[in-house]
Each structure stands twice: as structure tokens, then as C-alpha cells.
Amino acid sequence: MAKKAPTQDIDESKVTVGAPETEAVGVPAILNAMKIAVDQMGVVRSARTLLRVNQKDGFDCPGCAWPEEDRRHVAEFCENGAKAVAEEATIRRVEPAFFAEHSIAELQSHDDWWLGQQGRLTEPMILDEGATHYRPVSWDDALATIADELRGLDDPNEAIFYTSGRASNESAFLYQLLVRGLGTNNLPDCSNMCHESSGSALGETIGIGKGTVSIEDIHKADLLIVAGQNPGTNHPRMLSALEKAKKNGARIIAVNPLPEAGLMHFNNPQTPRGVVFGGTKLADDFVQVRLGGDQALFQAIGKHLLEKDSETPGVVDRAFVDAHTSGFDEYAAAVSDVTWRELETATGVSEGEMRAIAEQVRLSGSTIVCWAMGLTQHKHSVATLRDVVNVLLLQGNIGREGAGVCPVRGHSNVQGDRTVGIYEKPAATFLDALDEEFSFSSPREHGFDTVAAIGAMREGKARFFMALGGNFLSATPDTAVVEDGIRQTNLSVQISTKLNRSHVVTGRRAIILPVLGRTDRDTRGGGDQRVTVEDSMGAVHASRGRLEPPKKGMLSETAIIARLCALVFDGRGNAPQADWAALENDYSGIRSHISRVVPGFEDYDARIQKGRTFLLPNGPRDGREFATATGKAMFTGNALEYPRIPEGRILLQTLRSHDQYNTTIYGKDDRYRGIKGGRRVVLINAEDIADLGFADGEIVDLVSEWEGPEGLEERRAEEFRLVAYDTPRRNAAAYYPETNVLVPLESIADVSGTPTSKAVIVRLERRT
């Protein structure tokens, strides 16, 4: 039997701290995944549901975007994937009676874990202006209220439309069409807060804002550098790919401020070796780089390669550089100017260790660099990733087998959403194709990204906010500012499967629209509908749920948006032209539209039949074609940057616990880091604790400091336990969303605008 939802929040006084683990997955992961699954779904439903995850005739995992091989395991899911499925397929329900019992004020007092544990939303709810409780509302009235608000705007740019990375290609395409048909490009999405820096750097240097490798390339690489990433928690299925690469002879270098168990040793639970015989050692080297020191490390690698090439020509692939790149001399000069002393200061790593890593790159026949948020959420993230590309270009490691760039995306379709048009700065070619397909004129003015959208709400310039999935409030920086901004809107709308904090901090009015999830059967137009997603490596495949919906009459995201299009565009001039009712009832019609708008989706519906996967075009990978300003891959010269930490302060990175995926908190533990029963902890070097006058285990407040336009600004996160941990000196880590309040809205990456959540200057204050 599944367990009932908890009645109490996390009791932080019960947190315990043990030794971090040095290996990942194995039997403990199986047991933990099954416990959470059974708690949420019960035994029979767990077995029936989990065996369909990531299968060709099943549904795509609502967790990460790591790709599947063509040949699937019977159990094609990881521990955190099982948790994600269990949370969505739970038998717990949030009915109208729940909202009658709990006021908005009471719900605001609960933590994110408690809110998420209550279960699936089942009926549309509305919060009237001045009301203390949500009340049920019919689908027709809820959608009419939203449409009336949109049609009544003085300017379409007063509306903001956020997108989570779990939306399907079909719903995302209709969503961006709704927004552009309204007359705005205000389409902030979760990419703005994670891999926007990757897209900015890669688009500039290789002409496509995506990775260039396939899952087979991972298996065939000679050398894999995994930087700023914790796959054991965030993308556990990646460990199987790394294990296969290791079996094929690859070397793996882990680059991170924290030692992460998943990169050290992997006990594959689907093999006898992993369960019985001790598993696989993954990382051959662990480079414990300081926060923000990754650019310096890659400049050091490039500097070493160029020095060796000057001694013995052939280290640099001159044929590739001459034929396929531009800007080499500028890059070589920039790297020559930086000193080894500066590189040591920036990284906290000795020249000898950096040269030893660079030697492995020199000797590698094919190199892949994988990265995630550890590289993308700094002020100089785009420059860092340009230098990653520079190193790969030196040896021709883009556009050939076993080599390339591999940004590892988070949410399962965050890359697909961008591909089908969720972007505040759309390309003119995309808009031209959209206009031709739907016989209207879409807006060309760029819209708000996430940070700009928050700023617009804060300044009272936005009257309407809608979120297609996700938990905007808990995902964004500067929590108090976001709360104030949301409250200034006239209407906030959340399209959601489950309760979260974004439902309890609202506009003057608020609507919750419950939706079908990936696991649910979506029967429309007399048949079961499928949707599609794109994984982190540009492969598109179908997904179809099989569970009965939580309540009869619930709609999918796609159906909701189709109905809104019909209501908003009825009688409106310059509106997209389509048979909205037909699209609501047969998603293949949406795929037909996509096939004529987005290159690479030709014969879309036929290509996903019977669970088949197809790869989207990728110029650098497919033919060393680079759609850049020069028509070639671009070397860039980048000034060395790294954080400077004032005396008496530490540099904080926000990160996930193991029982967490993005803003969804599955449980109270971070097993691999030795934290159990709580989340308000800060991991910090033991010598820093002593030097700052504190003791291990002491409870402190974290106070961030930001030099704003009007002087020093401070933000406070209260009651965190100090935990002595293996981190570089003056670096620390703590979990989000609890620490998002510390990240200033204006502290963003150059070029990409990504919040700098891995580089927050804080001081510790003793509790009084």
C-alpha cells in the first residue's frame, strides 16, 4: 500500500551528518528508489509503471534528458528517474476539499517538500481577488477567464509566458504560437537559468547551440573530461555510458570543487560486476578546481598544447585548423599572455597537475568535454565555454567519432522546447516559416528572458503571468524579489501536475490548471495520443502514457493550449490561422505543422512510429559545417576571469541534494554527501570554519553581499548548519531553492544573462 502524504514539514533539528560515500548506485540505490516508488504508488502500480519508463512503446522519463541506446534494458531508468516517475504517478490526490481546508496563508507556511508530497492536482482552481482560499472552477470558466485577461491587455508585452523543460514538443510549439499570435516574444524558460551560457558560447563558436556528440561517441571516446557536473545525482544513467567508455579503454577526468561519488566509482545495479564484484572505478583523475576556475584550467590545457606544438609540430591539427576554423592567431596570443602563476591562482591547482591533465589531452586520439551547471552559472561562463571549444578545436575534436562538446541538459525536453520555438530571441528564419505556415505576422522585437521578466514584474510592467509546468518561484534567483513581482500581476496561471510554491504566491487572482503527465493515458479524438521529446543529444522520440488519469475530464498541456488559442484568436486581427479543435484532438496535426516550420522534422509523424528515434541535423557533427559569422568554427581570445573573494567571506554555490531533481524534493537526504534528515546545511572547508571563528555543526545565517547600483546590498538565509567538508578553501555549497534568496537578480553571466548561482559572495553570521 502507498503511504499517505506527510502532515509535517522537514524537521531540520533532526539532521545528521556522516561520512560522504565514495561510490554510487548499487543495491542502496535500488532500495531507495523502490521505497519511494512504493510509498507513492504501491507495489503493483510501481512495477507496472516503472517497466514502461524510456521503452520504445512506453513513456519518456520526466527526469533528465540523457539519451537511451537503441537497445533498451528491461529496467531503463535510474534511481532519480524512478523517484520522478513515482512523484507523477502517485496515487495521492489534491482535491478541492484540500484547498477548502488549507488557506493560502497556511500553504505559504509549509516547505517545498511538504507541498510536493501532497499529490496530483485534479480540478481547475481559482483564487479570487482578496480571497483566502482557492475554489473549484469549471474548465470552460477557467479558460475563458484567462482568455479575457489576455484579450484585455493594453499591450501584449504586459504578458509573460514561462516554460518548464518537461513540456512536450507539441505543447511547446502551440504555446509559442499562442504567445506570438498574441503579439509578444516574452517566452522566458528554464534554459535561461541553466544552459543559456552553453547555447550562447556554442552558437557563436560552432554555429549551433547544442552538443555535437551522440551516445555512441561517448562509448568510443579516448578521453572524457566531465566538468562542473554531478552525474551520480543529476543524470545517473550517464554513469552506464561512462562505464561502457571505460570498458572500451577511455580515460575519465573529473573536474569539480566537490568530490562526487558518482564520478569516483560506479556499481551498476544491472550487472553482476556492479552488484557483486565491486563495480567500476570511473575517474582516473579528480581535479579539485576552485569555484569559477574552470576557464583557467582550459586555458592551461590550451597553453600546454600550444607550447608542445611549438617544440614538436603535430600536436595541433593544422589541417583541421586551416580548413575549418578562424581566429587561431588571436586565441594563441591570448593564451600566450596568461601566466602559469595566474592560472594557479584562479584554479587552486598546481602548474604540474594542470600540465599532467593537458598531457592526457595531448595524447588522446578523441576527446569529449561534458559539462553542466558548474560551468554555466558564473559571470564569465560564456568565456569559459569558449575556451572549452578552443581546446577541442586545437586537435580537431569536433565533427569526428568519439569527440566533441557535450552540454548535459537537465529537464527531459528542455532542448526540444528551444528547438520548436520557446525562445525570447527567435531567429528571423523561424519566424518567417511560422508566418507562412499560419498566415499571420509574428512580432520581431525580442522578448524578456527570465531575469528580465522578473524585473518587469517587479517594476509593475507585467499584468499577466503564465507558467507551462515547472515551479517558477523556486527555480528563480532572488526569491523575495520574485515573490513581490508575482504579487503585482493581475492574474497568475499555473499549468501543473502537482502542488508547488508557485501556487501559493500569486497574482491578485490566480488559476491552477491540472494537467496530464507523461505517465497518464491521453485519450482524445477517439484514440490515445502520443507526444515527442528531444534528448540532450538531439534525438527525437515518442512518449505515450498508459495510466488512467487522476480524474476523468483532465486535459493535457497540448489540449489546454489549443483551446486557449481558439478563445484568444477568435475574431482577432493578425492571428494565426489553424483548425484548433482538430489540433486539440489529434496531435499528429501539430507535428505536421512543425515539419513545415522547423528544419529536420520532415516526415515527422512517420519517423516516430513504433518508437523509432531520429536525429536532428547537426552541422558540426554531420559534416563539419559551422553556421557562424565566418562560416567556420571560431577560435576566440578570452581574457582570464575568476572570482575574487573579499577577506572574511566565502564563495557559495547552490546545488541539488541527491533526493531532489531541480526544484522537486523527493526526500530529506543527500546520501552520497552524508547528509540525512534535513536540507539547511552549508558544506564548507574545516579550516575556513575555524578561521572564521565558528565550529563544525554550529547554526549560522548566510548573508550574501552584492555591490549594486546604489551600494552594498544584502540578502539573508537563516539557520544553516555548518558541515565540515572536502571543498577548496573559501568555497562552500548549499542546497537550492532554500538559498536562491541569496542570489541577486542583477548578478548574471555576461552575454547569456544566466543567474550566477555558482558564485555568491556570502558571510556567516552567528545566530543570536
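Select Arg 120 first, in strand 4 (residues 120-121) of this predicted model. Its relative accessible area is 1%, so Arg 120 counts as buried, the cut-off being under 20%. Show the side chain and look at its two ends of contact. The side chain of Arg 120 reaches the backbone oxygen of Glu 88 at 2.7 Å. It also makes a polar contact with the side chain of Asp 520, again listed at 2.7 Å.

Next, select Tyr 175, which lies in helix 8 (residues 169-182). With a relative accessible area of 0%, Tyr 175 is buried. To see what surrounds Tyr 175, display Phe 161, Tyr 162, Thr 163 and Leu 187, which are among the residues it touches. Then add Ile 422, Met 466, Ala 467, Leu 468 and Ile 561, also in contact with Tyr 175. One of these contacts has a polar component: the side chain of Tyr 175 reaches the backbone oxygen of Met 466 at 3.3 Å. For a distance to check in the viewer, take the C-alpha atoms of Tyr 175 and Tyr 162, which are separated by 9.7 Å. Along the chain these two tyrosines are 13 residues apart.

Now go to helix 17 (residues 328-337) and colour Phe 328, Tyr 331, Ala 332 and Val 335, which are buried. Why do these residues lie on the same side of helix 17? They cover an arc of only 100° around the axis, and that places them together on one side. Turn the view to the face directed away from this buried side, and Asp 329 and Asp 337 appear there as exposed residues.

What covers the buried residues of helix 17? The cover includes helix 15 (294-311) and helix 16 (318-324), together with strand 13 (325-326) and helix 21 (381-394).

Keep helix 17 on screen and add helix 15. The axes of the two helices come within 9 Å and cross at roughly 105°. Helix 15 is therefore roughly perpendicular to helix 17, a description used for angles of 65 to 115 degrees. To view the contact, select Gln 299, Gly 302, Lys 303 and Leu 306 in helix 15. On the helix 17 side, these residues meet Phe 328, Tyr 331, Ala 332, Val 335 and Ser 336.

The next stop is a loop. Ser 366 sits between helix 19 (351-363) and strand 14 (367-371). Is Ser 366 buried or exposed? Ser 366 counts as buried because its relative accessibility is 5%. Leaving out residues up to four places away in sequence, Ser 366 touches Lys 220, Ala 221, Asp 222 and Leu 223, among others. Further contacts of Ser 366 include Asn 397, Arg 400, Glu 401, Gly 402 and Ala 403.

Finish at strand 31 (residues 711-724) and show strand 29 (residues 681-684) with it; the two pair in the parallel sense over 4 bridges. Val 682 stands opposite Leu 722 in strand 31, and this pair can be labelled as a marker. Then add strand 30 (residues 699-708), which runs antiparallel to strand 31 and is joined to it by 9 bridges. Here the pair to label is Ser 704, opposite Arg 715 in strand 31. Strand 30 and strand 31 form a hairpin, and 2 residues lie between them.

Conventions
Residues are numbered from 1 along each chain as its sequence is written. This is a predicted model: local features need pLDDT of at least 70, side-chain atom pairs count only at pLDDT 80 or more; totals for chains, interfaces and linings use all residues. Side-chain values use heavy atoms; hydrogens and water are left out. Buried means under 20% relative accessible area, exposed over 50%, partly exposed in between (1.4 Å probe, protein chains only). The arc is that of the directions from the helix axis to the C-beta atoms. Contact means heavy atoms within 4.5 Å. Two strands pair if DSSP finds at least two bridges between them. A polar contact is a pair of N or O atoms within 3.5 Å; within protein, one must be able to donate a hydrogen and the other to accept it, and residues adjacent in sequence count only if both atoms are side-chain atoms. Axes are lines fitted to C-alpha atoms, for helices over the stretch in contact, and angles run from 0 to 180 degrees between N-to-C directions. Angles under 35 degrees count as roughly parallel, over 145 as roughly antiparallel, 65 to 115 as roughly perpendicular and the rest as oblique.
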